[in-house]
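Reader: I'd like to learn how to read side-chain pairs and helix packing in a model like this one. Can you walk me through it?

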Amino acid sequence: MSPLPLWLYLPAIIMGAIFLFSFIHEPRHLYNGMLFNLFALAALLTIALAILGSKNRLLIAVSLTLFVIFVLVIALIVAFHLVWLLWNAWLVWHREGHSLANMLTLGIAMGLVLLELAAVFGRNWVPTWLYAGLSTFFILAIGYELVALYNFLTILVLYNLYRPRHDRDYLIVLGAGLLQGHRVSPLLASRIQVAIDFYQKQKQKGRPAPKIIFSGGQGSDETLPEGRAMQQWAVAHGVPQADTLVEDQSKTTYQNMKFSKALIDRREGNKAVKVAFFTNNYHLFRAGVFARAAGLKANGVGAATSFYYLPNAVIREYLAFVVLHKRRHIIAGVLITLLAAAVASAGLIH
């Protein structure tokens with residue numbers, strides 16, 4: 001067995017170092033997902049070369065078997081993606097209601113069905129050159145979105161693994177809609193409970209109790225501000241009212257962060273404080289991005305969300321990021337369109 005040349009390890013080492021430096025310095029950047037995936041790709045290629053170079057038949061056979069199993073699992077997911085999307089859409093509609101926000105997996109499933117039907121029958125309906133151009137456009141567009149979505153999922157998972165220390169001065173709980181205009185929903189209760197658990201654990205470590213800020217304004221269909229309802233729920237579940245504060249003007253996640261920071265600044269002035277925020281796991285990274293935009297140096301903890309609800313919620317979060325970074329997506333769309341037009345033009349000429 002001959003060891004790999006030292007230089008073959010360099011891409012993985014360099015990409016790993018770049019990712020770690022970037023993520024530790026500021027975990028709330030979307031490009032950290034891309035950096036991690038580049039590191040993972042380089043590391044996997046290095047491992048594959050090392051296994052092949054070992055000449056160990058058993059090791060090679062086991063590794064190849066695991067790789068084949070992985071490929072088969074991915075193939076099964078791709079083969080049954082429509083079934084899974086439709087099943088998830090039915091489950092969300094059945095348990096969460098028939099709102100537009102709960103139709104995302106259904107909408108994607110219907111769009112994919114239409115695309116697959118168009119791919120099967122379109123060749124008979126449109127000229128060959130136009131079919132080639134349209135095929136190029138949809139293949140590249142879907143591929144681009146899948147890569148972007150995968151990078152988003154990567155940083156979402158990584159950011160959920162990043163936990164603040166139990167030495168905070170303030171904990172911010174982000175609001176969500178109230179049931180019947182006055183009751184804390186199970187989803188919102190999970191956010192509050194995670195903050196209470198953090199609060200209690202920090203006290204158990206012998207450190208000063210943080211102040212918990214409940215952030216959320218009053219919607220048009222609500223009889224009291226979300227922040228006030230959240231405070232009442234927390235007090236009823238054992239948090240001393242003296243350790244709670246209410247921010248009751250915010251309507252968006254950005255305002256949650258901006259107005260909570262203003263409340264902290266009014267209390268602390270220029271004093272440096274340590275802050276953490278709490279929301280649901282699918283919403284955690286976007287909340288972190290808005291915290292950074294509001295000038296709040298804080299990272300968060302995500303409450304668990306029912307597994308059946310995660311696909312719909314994560315897709316909604318991804319679409320929100322598409323809107324936030326619409327310029328880069330527009331540029332990518334224009335480039336894909338130009339390339340597809342070039343393919344169509346080449347087919348027309350020939």
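**Rings, charges and two helices**

Author: Let's start with one residue: Phe-152 has 2% relative accessibility, so this side chain counts as buried. Keep in mind that the model is predicted.

Reader: Which ring does Phe-152 pair with, and how is the pair arranged?

Author: For ring pairs, look at the distance between centres and then at the angle between planes. The whole structure has 13 aromatic pairs. One with a small angle is Phe-19 with Phe-23, a stacked pair with 20 degrees between the planes and 5.5 Å from centre to centre. Those two phenylalanines are both in helix H1 (residues 10-25), four residues apart, or about one turn of the helix. Phe-19 and Phe-23 are both buried. Now for your pair: Phe-152 is matched with Phe-321 in a tilted arrangement, 5.2 Å centre to centre and 50 degrees between the planes. Here the partners come from distant parts of the chain, Phe-152 from helix H6 and Phe-321 from helix H11, 169 residues apart.

Reader: Is Phe-321 buried or exposed, and why?

Author: Buried, because its relative accessibility is 3%, and the cut-off for buried is under 20%.

Reader: Which rings join Phe-19 and Phe-23 in a cluster?

Author: Follow the pairs from ring to ring: Phe-36, Phe-39 and Tyr-162 are linked with Phe-19 and Phe-23.

Reader: Back to H6 and H11, then. At what angle do they pack?

Author: Helix packing takes two numbers, an angle and an axis separation. For H6 and H11 these are about 110 degrees and 11 Å. The two helices are therefore roughly perpendicular to each other, since the range for that label is 65 to 115 degrees.

Reader: Which residues meet where H6 and H11 touch?

Author: On the H6 side you'll find Glu-145, Ala-148, Leu-149, Phe-152, Leu-153 and Leu-156, and they meet Val-314, Glu-317, Tyr-318 and Phe-321 of H11. Sorted by type, this contact has eight nonpolar residues, two charged and no polar ones.

Reader: Glu-317 is on that list. Which side chain does Glu-317 meet in a salt bridge?

Author: The general idea first: side chains of opposite charge can pair when their charged atoms come close. In this model, Glu-317 pairs with Arg-286, at 2.8 Å from N to O. That bridge also spans distant parts of the chain, with Arg-286 in helix H10 (residues 284-293) and Glu-317 in helix H11 (residues 310-324), 31 residues apart. Arg-286 and Glu-317 are both buried.

Reader: How many salt bridges does the structure hold?

Author: Seven. Another one joins Glu-26 and Arg-28, whose closest N and O atoms are 2.9 Å apart. Both Glu-26 and Arg-28 are buried.

Reader: And which residue does Lys-274 bridge to?

Author: Lys-274 bridges to Asp-167, with 3.0 Å between the closest N and O atoms. The two sit 107 residues apart: Lys-274 is in the loop between helix H9 (253-268) and strand S4 (275-280), while Asp-167 is in the loop between helix H6 (128-161) and strand S1 (170-174).

Reader: Why does Lys-274 count as partly exposed?

Author: Because its relative accessibility is 40%. Asp-167 has a relative accessible area of 23%, so Asp-167 is partly exposed too.

Conventions:
Residues numbered from 1 in each chain as written. Predicted model: local features only at pLDDT ≥ 70, side-chain atom pairs only at ≥ 80, totals over all residues. Heavy atoms only, no water. Salt bridge = Lys/Arg side-chain N within 4 Å of Asp/Glu carboxyl O. Buried < 20%, exposed > 50% of the residue type's maximum accessible area, 1.4 Å probe, protein only. Phe/Tyr/Trp six-rings, centres within 6.5 Å; stacked < 30°, edge-to-face > 60°. Axes fitted to C-alpha atoms, helices over the stretch in contact; angles between N-to-C directions. Parallel < 35°, antiparallel > 145°, perpendicular 65-115°, else oblique. Contact = heavy atoms within 4.5 Å. Nonpolar A, V, L, I, M, F, W, Y, C, P; charged D, E, K, R; others polar.
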